[in-house]
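Work through the exercises below with the sequence and the model open beside you. Try each task before reading its solution.

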Amino acid sequence: MRPHAGAPLSRRRFLSLSAGGATAGAAVLSGCALQVSTGVSGPGETVTVMAKADDISPDLIEQAQKDVGVKIVTVRYDLTKLIGMMTNGNPPDLVRGVGATDAPYFAARDVMEDLDPYFARSTVLRLDDLDPVNDLWRYDGRSQGKGPRYGMAKDFSQDSMFWYNAALFDQAGVGHPPELEPVTFEEWLDTAKRLTRRRNGQTTVFGGSYNGVNTTNLLASLTAAAGGSLFSDDFSRIDFTTPEARKALGWYIDYARTKVGPSIIQPDPNAWDGPTYQANRMAMSGSGYWLGGLINADKKLARVSRLAPAPVFQGGARVSPCQAGTGFWMPSKARNKDAAWRVFEWFFGEAPAKGRASGGWGIPTLKSLRPLMPAQEDYQKRELQVQNAELEHFSVIAFTPYATADALYALFNQVAPAAMNGRMSVDTLAGRLNSVMNEQLKRGKEQVG
């Protein structure tokens, strides 16, 4: 059973939070408490936001003070520190999170504020204006995508879509993918092989990168594309041996074995796709519309770059999910909820949201802001045509509430390299992943109750 709303965060529930991370039980509580909002209403309030450095810039903090009269104090995002602050009764007022994976995890532990009453009376964030991607932040106690809203995405991409460099295709004599129709995953991988360039045993051009936002979430998306679900109906177990999950896992292991792109056995020296794609050393990047913010900053690169639909498996479903949906949520024990909501409205619906929409770094999560998306240049118009057509294929792919994506990712990284290096069969890998991940999920379910 889930505890009643407002129940204190006991040691048991603290352990249920920390057990989902890769460093379960290692939280150090001393020094984590932080004096946060004053609780005083009116101008001059302070709201503490736990975020990463690029979530809220110093300029935005200064702008918030001018626009809404609220002082924002930031705390660097850290799961261990967050758990310590909540356990000590001093949570931040707003916390950054990845809707696709964090929303069910924290909502199941009853530490998130139900924001439905706030949305109901807001004139800035109207329910009929919310893009469906915001359903990633809903959880009804059983499944993601329905029930109360616990947060909102600041912007999003359909992360299974991919960019490609048409000039590198032309140099290799490889035909371009169709503009609006998806290629199959098998075709994508074959094309990546033809585009890969090596010299003296070193990869000089990656044919394609396809790692998603987090490998576990990517595999859940690939399994959905194959027509199945990676998790059981109650999300308490994972199964890589079903035909659909086996197809998804097999494809990703083939991707890594062929070394056409970055993986845990062939890391990108730049740590992510952006700089490598910019340097014309990556022909395809499975990064979604979001990467266009970087690509379009270089007009020469933008003119030869194309956005393409998410691939499909032969005979599978056409799905094009968001694997992130990064935004903010409000802890149920936050001290200054009204001021935090005012910052929330401003960040997601006013000046910062308009600035993000016009910058091309993601699709706005309010439908009314879509006209602000860049469309001045011909290449931007082409990108928007592809992206707008792809929106029809968006769906929420629910994630388990019983472990963090990072914890499952760490387990995958321990087991998968042997298969990627050809020392283990995919079937053996599937069985081992089931064993280690289901043990993690079992502990999470026991602790959530």
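**Exercise 1: Two residues with positive phi**

Phe235 sits in the loop between helix 8 (215-225) and helix 9. Helices (H or I, at least four residues) and strands (E, at least two) are DSSP runs, numbered from the N terminus. This is a predicted model, in which local features need pLDDT of at least 70 and side-chain atom pairs count only at pLDDT 80 or more, while totals for chains, interfaces and linings use all residues. Residues are numbered from 1 along each chain as its sequence is written, and side-chain values use heavy atoms, with hydrogens and water left out.

Task: Is Phe235 buried or exposed? Then treat Asn200 in the same manner.

Solution.
Step 1. Phe235 is not a glycine, yet has a positive phi of about 65°.
Step 2. Apply the cut-offs: buried means under 20% relative accessible area, exposed over 50%, and partly exposed in between (1.4 Å probe, protein chains only).
Step 3. Phe235 has 9% relative accessibility and therefore counts as buried.
Step 4. Asn200 lies in the loop between strand 9 (197-199) and strand 10 (202-205). Its phi is positive too, about 55°, although Asn200 is not a glycine.
Step 5. The relative accessibility of Asn200 is 75%, so Asn200 counts as exposed.

**Exercise 2: A side chain in helix 8**

Task: Which backbone oxygen does the side chain of Asn217 reach?

Solution.
Step 1. Locate Asn217 in helix 8. With 3% relative accessibility, Asn217 counts as buried.
Step 2. List the contacts of Asn217, where contact means heavy atoms within 4.5 Å. Neighbours within four places in sequence aside, they are Ala100, Thr101, Gln323 and Phe399.
Step 3. The side chain of Asn217 reaches the backbone oxygen of Gln323 at 2.8 Å.

**Exercise 3: Strand 13 and its partners**

Task: Which residues of strand 13 lie on each side, and which strands pair with strand 13?

Solution.
Step 1. In a regular strand the side chains alternate between the two faces of the sheet.
Step 2. In strand 13 (residues 326-329), Thr326 and Phe328 are on one side, with Gly327 and Trp329 on the other. All four are buried, and both faces are covered.
Step 3. Two strands pair if DSSP finds at least two bridges between them.
Step 4. Strand 3 (residues 94-98) runs antiparallel to strand 13 and is joined to it by four bridges. Gly97 stands opposite Gly327 here.
Step 5. Strand 6 (residues 151-153) also pairs with strand 13 in the antiparallel sense, over three bridges. In this pair Met152 faces Phe328.

**Exercise 4: Two packed helices**

Task: At what angle do the axes of helix 7 and helix 9 cross, and which residues meet?

Solution.
Step 1. Two packed helices are described by the angle between their axes and the distance between the axes.
Step 2. Axes are lines fitted to C-alpha atoms, for helices over the stretch in contact, and angles run from 0 to 180 degrees between N-to-C directions.
Step 3. The axes of helix 7 (residues 185-195) and helix 9 (residues 243-258) come within 11 Å and cross at roughly 0°. Helix 7 is therefore roughly parallel to helix 9. Angles under 35 degrees count as roughly parallel, over 145 as roughly antiparallel, 65 to 115 as roughly perpendicular and the rest as oblique.
Step 4. Helix 7 contributes Phe185, Glu186, Trp188, Leu189 and Lys193, which meet Trp251, Asp254, Tyr255 and Thr258 of helix 9.

How values were computed: Contact means heavy atoms within 4.5 Å. A polar contact is a pair of N or O atoms within 3.5 Å; within protein, one must be able to donate a hydrogen and the other to accept it, and residues adjacent in sequence count only if both atoms are side-chain atoms.
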